[in-house]
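Dear colleague,

I am passing on the structure we spoke about, with the sequence and coordinates placed just below. Please look through it before reading my notes.

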4 protein chains.
Amino acid sequence: MARWRRTLYETIFEAETRAGKTFDVLLLVAIVLSVLVVILESVNSLDARFAVQFDAVEWAFTLLFTIEYALRIVSVDRPLRYIFSFFGIVDLLSILPMYLAAIFGHGHEVMVIRSLRLLRMFRLFGMGRMLSEGSALARAVLASRDKIVVFLSVVLIAVVIVGAAIYAIEGEDSGFTSIPEAMYWAVVTMTTVGYGDIAPETWFGKFLASVMMVLGYSLIVVPTGIVTTEVVRAHGVSTRTCSGCLKVGHDADALHCKFCGGKLSEPGTG
Amino acid sequence: MARWRRTLYETIFEAETRAGKTFDVLLLVAIVLSVLVVILESVNSLDARFAVQFDAVEWAFTLLFTIEYALRIVSVDRPLRYIFSFFGIVDLLSILPMYLAAIFGHGHEVMVIRSLRLLRMFRLFGMGRMLSEGSALARAVLASRDKIVVFLSVVLIAVVIVGAAIYAIEGEDSGFTSIPEAMYWAVVTMTTVGYGDIAPETWFGKFLASVMMVLGYSLIVVPTGIVTTEVVRAHGVSTRTCSGCLKVGHDADALHCKFCGGKLSEPGTG
Amino acid sequence: MARWRRTLYETIFEAETRAGKTFDVLLLVAIVLSVLVVILESVNSLDARFAVQFDAVEWAFTLLFTIEYALRIVSVDRPLRYIFSFFGIVDLLSILPMYLAAIFGHGHEVMVIRSLRLLRMFRLFGMGRMLSEGSALARAVLASRDKIVVFLSVVLIAVVIVGAAIYAIEGEDSGFTSIPEAMYWAVVTMTTVGYGDIAPETWFGKFLASVMMVLGYSLIVVPTGIVTTEVVRAHGVSTRTCSGCLKVGHDADALHCKFCGGKLSEPGTG
Amino acid sequence: MARWRRTLYETIFEAETRAGKTFDVLLLVAIVLSVLVVILESVNSLDARFAVQFDAVEWAFTLLFTIEYALRIVSVDRPLRYIFSFFGIVDLLSILPMYLAAIFGHGHEVMVIRSLRLLRMFRLFGMGRMLSEGSALARAVLASRDKIVVFLSVVLIAVVIVGAAIYAIEGEDSGFTSIPEAMYWAVVTMTTVGYGDIAPETWFGKFLASVMMVLGYSLIVVPTGIVTTEVVRAHGVSTRTCSGCLKVGHDADALHCKFCGGKLSEPGTG
């Protein structure tokens, strides 16, 4: 690999060298500013006064990110793998809408997807620790995958049945104009958001809604239990590896490997 | 048992054979579509344009499910046990309302109960694992039965007393037209749904509501604790005892005692 | 103690004998009916038609409960202790308002306090198990007493400061007419009830409210953690008693008393 | 150190002596009263009648707290350290706004910051126990610092993206007049507050909002899991190791090893 490509790679993709750190800090600032511009541009009173400036700044950032995107493709060993990776697609979606908006006229709000690029910024500030926290949470959620699918299926079926029931009871006079509308109300109620834009008005509708709230509340706490369990489990486990069978996942108070029975190293205090 | 009945049984009730899997996938699609039709039919703008088509599709699915229901009764060994099982009743309720609606004119919304049949679909996609997750959750809830009855009784008594108090304080001017109405408000508030269709307007009513929210919040978190405990218990630790050192507290996936390294009995499925 | 007093005591206060069980069931029905009458009486349309009947039934139940109250005082060994016990006061408050309302004209809604008497009904239906669940929950809450006082103090201080801040920012135009009003809004928001009867309307008010919601949410989950911990702890502990020092509270996996070191009986599987 | 300074210090800063306790009780009453005055003064009907009295009382408390502040500075050994400590700044902010309001005319509501001084009051009533509870909670939160930063970053990014999406879908007709407005709605919805002052009105907006509620709910329960874990960890198990069998996992109140019965080292206060 050519020397300059190696340096470019280290600067853009890593944060170990001084140049890499400087690049990341500047990029962080650029992303935050560019997202801020998109947000502020949507405020009518501001857009009326600064339309030209907003446009100029947006184009500047878009060109900057386009150059950065090109440099990323040039400097990696396997460009296709980068292009179709999660961050590669995010990087592309961060610049494409501006060009499309220039051609078709609308839709540059999509560019707030740029904020996803901030996820890459965790590696700054010695955030290896945070990344591992983040991935511990992510793993906890992944480990609950099956439970969450079952849970969401049950919620969906409950929403359909409760929605149809309240639609049949309340009718169109109370704002429940269709089953989809009533299902929207059921979701708003079961998650305890409760906008109040639609609410039951008949005796029986209110009674059913009350029962649903108390039971629905019990239903909706289930994920709390699931996530808590996984987080507890993720933390109740030490990082020791059995020297016999090389398996991990031993409890903090384990003395022997629970898989092969071999002696483990001293339990730490953590 | 006749050969064709055995084949029919395997196709309809099981998902091991190729025919059984195909049947389940087709049934899954049919159920989802038929529920979707009932939901869409309730939307006025759609019903105005496609009333005839919706009606035709609904009758088609109802006939299909009626045939399926008949085949299920024919193919099982003990038809009565199937008919009065949970899924047997759900299957009947999925077709009956259409016939009743044809006679009496109204009420075919009840057919969204068809969505309950989707619960049977977990066995598809190798979802034995999910079924066991589902039943683990169900068992966790069952194990908390007593606590939940106590909890619901306490909530009900709290709702009656708080409802009567706010009715006495606020009176009819603020929308608390009767104690049942005030009890509905108490449920809406204690579950933190908070529609805002009724809200206290006097100083003392607002003060009482504030106290109730903070205390009621504490009350309503109790099920979280209960469910979490049961989920933790269900997943954390098996009840096996090490025959070497007589210690308990081993993980469900442990093969060896984590204290003395002795071999444990086979881990159960629970 | 005279024979008839003993029999009376067993009938009224206990549920071991056939007479005692019958008495409890009848009392349960009477309490539920009498509370129901008070609730229904508050509904205008019903009260307009059945005012006389409601009045008659209320007086009948009140006389019944008055006789019961007198019999309770007569049959216990230490009447004063009963009168000033929790249930003694509840029993008195269940009848007194009716007489006071007859004299002063208003306020018989207080009688819904009768519903508290239902708590005594847990002993029916072999609910010793439930009582122990109830008292396990109560003990879990009691054990968190200090934490809850600290938590409520912090919440109160937060409500005062946030309330004053939003009052200063929003002013009277947005409905925040005074600091107490703003504090009510802060409680409604921090508990995630969110009626929407008052809501911030300025930019800065909305920003502050957003920050408060996210942080306030984190604050309000603290009790969840506390209660869960106590419930977990209450269940992680077996009921074995050390034969040496007679202390309880040993973990399910303990082999020796953690207080005096004496050997414990075999750990059970529960 | 001069005798009188030592006595002054013990009286003002500590609560061991009789004088110190009396001082603390009086200060507690003074703080509560002065905060109450600021709160009541904001109520128009009260301020119209008692403006002069409120003003007099406020000045009296402010002078009192000014003298107290001066005495605190005089009596501590290192005045600067006190002045720039958390409580030193709170003490200053408790009196300064009154003087500034006298000069500039407005803003004495800032004085509710006085309520923060109540935190110091925990030491009264033998609340060392409560302080340790408070700091246990604080430590639990601190220990989750990294996780909370990751969590808040993810929430912020989700709010930006969801806000922009709903702004693009709903447009200004439904009240989503700008992206910041839509982000405010996203926070109100994801925390399940749900005022209902803005709500989606189109089909697609309602669908997206429903998905966001269910997923956002799952997102927002994560802190519950985190805090619970930390509280459990903080309270459950000490880090002491048995010198006899080298096992860990003893309760915080254990005196003897629960595995071998050997004596443990003194339990710490943590």
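The notes below go from a single chain to the relation between two copies and then to one pair of helices.

Please keep in mind throughout that this is a predicted model. Chain A has eleven helices and zero strands, so that, read from the N terminus, its order of elements is simply α-α-α-α-α-α-α-α-α-α-α. Of the 270 residues in chain A, 49% are buried, and among its contacts with a separation of 6 or more, 52% are made by residues 24 or more positions apart.

As for the copies, a turn of 180 degrees with a shift of 0.0 Å along the axis lays chain A on chain C with an RMSD of 0.1 Å. The two are thus related as by a two-fold rotation axis, and the same surface serves both copies, with 100% of the contact residues of chain A recurring in chain C.

Within chain D, I looked at how helix α1 (residues 3-13) meets helix α3 (residues 44-75), whose axes come within 9 Å and cross at roughly 125 degrees. That angle makes α1(D) oblique to α3(D), and the crossing is left-handed. On the α1(D) side the contact is formed by Trp4(D), Arg5(D), Leu8(D), Tyr9(D), Ile12(D) and Phe13(D), which meet Leu71(D), Arg72(D), Val74(D) and Ser75(D) of α3(D). Taken by character, the residues of this contact between α1(D) and α3(D) comprise seven nonpolar, one polar and two charged.

With best regards

Methods: Residues are numbered from 1 along each chain as its sequence is written. Chains are lettered from A and ligands numbered from 1 in the order in which they are written. This is a predicted model: local features need pLDDT of at least 70, side-chain atom pairs count only at pLDDT 80 or more; totals for chains, interfaces and linings use all residues. Side-chain values use heavy atoms; hydrogens and water are left out. Copies are superposed by least squares on the C-alpha atoms of residues with pLDDT of at least 70 in both. Contact means heavy atoms within 4.5 Å. Axes are lines fitted to C-alpha atoms, for helices over the stretch in contact, and angles run from 0 to 180 degrees between N-to-C directions. Helices (H or I, at least four residues) and strands (E, at least two) are DSSP runs, numbered from the N terminus. Angles under 35 degrees count as roughly parallel, over 145 as roughly antiparallel, 65 to 115 as roughly perpendicular and the rest as oblique. A crossing is left-handed if the near helix is turned anticlockwise from the far one by less than a right angle, and right-handed if clockwise. Ala, Val, Leu, Ile, Met, Phe, Trp, Tyr, Cys and Pro count as nonpolar, Asp, Glu, Lys and Arg as charged, and the others, Gly among them, as polar. Buried means under 20% relative accessible area, exposed over 50%, partly exposed in between (1.4 Å probe, protein chains only).
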